[in-house]
Amino acid sequence: MQKLMFEIPGSPIGQGRPKFSTINGHAKAYDPEKSRNYKAYVRMLATQAMKDSGFTMIEGPCVLRIDAYFEVPKSKSKKFREAALSGLEWPTKKPDADNIVKAILDALNGLMYKDDSCIVELSCVKYYSDVPRVEVYVDGYP
């Protein structure tokens, strides 16, 4: 069974709301630039992690876990900071967990797993940390 963990350095970014335009009278939806760039960044990091570890695309059921680490805001008190870093305070700020998941699922689709429909178990947890990042764990289902 294959397992892989890779890290996305920097603050977590969620899937943005689609933008719309009209071409010859037909509406077209597209990703905002920030979302497109983040997905390309995630895909690049995932491709490198796969190459380094020998991980190949999962074609059957798989499990995906996403741990998103946010920096404690500078405006918060020292007491809050200590509580946040010890796990007593949780980041209840944007981006929403579902938008973080959506951006990463889109980036990994067809790369780490055949299709989103292969994911049978999914979790996302938001934490505070001194080092903002996203950790992605992909595992073939037993």
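**Strand β4 and its ring contacts**

Cys62 of strand β4 stands opposite Gly140 in strand β6. This pairing of residues offers a convenient way into the model, which is a predicted one. Strand β4 covers residues 62-71, and β6 covers residues 133-140. Between the two strands, eight bridges are found, and the pairing is antiparallel. Strand β4 also pairs with β5, which is made up of residues 119-129. Here the strands run parallel and are joined by ten bridges. Within this pairing, Asp67 stands opposite Val125 of β5. Strand β4 is mostly covered, with eight of its ten residues buried.

The aromatic side chains add a further layer to this picture. Three aromatic pairs occur in the structure. One of them joins Tyr69 and Tyr127, whose ring centres are 5.0 Å apart and whose planes meet at 20°, a stacked arrangement. Because Tyr69 belongs to strand β4 and Tyr127 to strand β5, this pair ties together parts that are 58 residues apart in sequence. The two tyrosines fall into separate classes of accessibility: Tyr69 counts as buried because its relative accessibility is 13%, under the 20% limit, whereas Tyr127, at 26%, counts as partly exposed.

Tyr127 has a second ring partner in Trp90. The centres of these two rings lie 5.7 Å apart, and with 35° between the planes the pair is tilted. Stacking requires planes under 30 degrees apart, so the angle of 35° places Trp90 and Tyr127 outside that class. Trp90 lies in the loop between α2 (78-85) and α3 (97-108), while Tyr127 is in strand β5, so this contact ties together parts 37 residues apart in sequence. Trp90 is itself partly exposed, with a relative accessible area of 45%. Taken together, the ring pairs link Tyr69, Trp90 and Tyr127 into a cluster.

Two arginines bring charge to the aromatic rings as well. The charged end of Arg133 sits over the ring of Tyr69, at 3.8 Å from the ring centre. Tyr69 therefore takes part both in the stacked pair with Tyr127 and in a contact with a charged side chain. In the second case, the charged end of Arg65 sits over the ring of Tyr137, 3.9 Å from its centre. Residue 65 falls within the range of β4, and residue 137 within that of β6, the strand that pairs with β4 in the antiparallel sense.

Notes: Residues numbered from 1 in each chain as written. Predicted model: local features only at pLDDT ≥ 70, side-chain atom pairs only at ≥ 80, totals over all residues. Heavy atoms only, no water. Buried < 20%, exposed > 50% of the residue type's maximum accessible area, 1.4 Å probe, protein only. Helix = DSSP H or I, 4+ residues; strand = E, 2+ residues; numbered from the N terminus. Pairing = 2+ DSSP bridges. Phe/Tyr/Trp six-rings, centres within 6.5 Å; stacked < 30°, edge-to-face > 60°. Lys NZ or Arg CZ within 6 Å of the ring centre and 35° of its normal.
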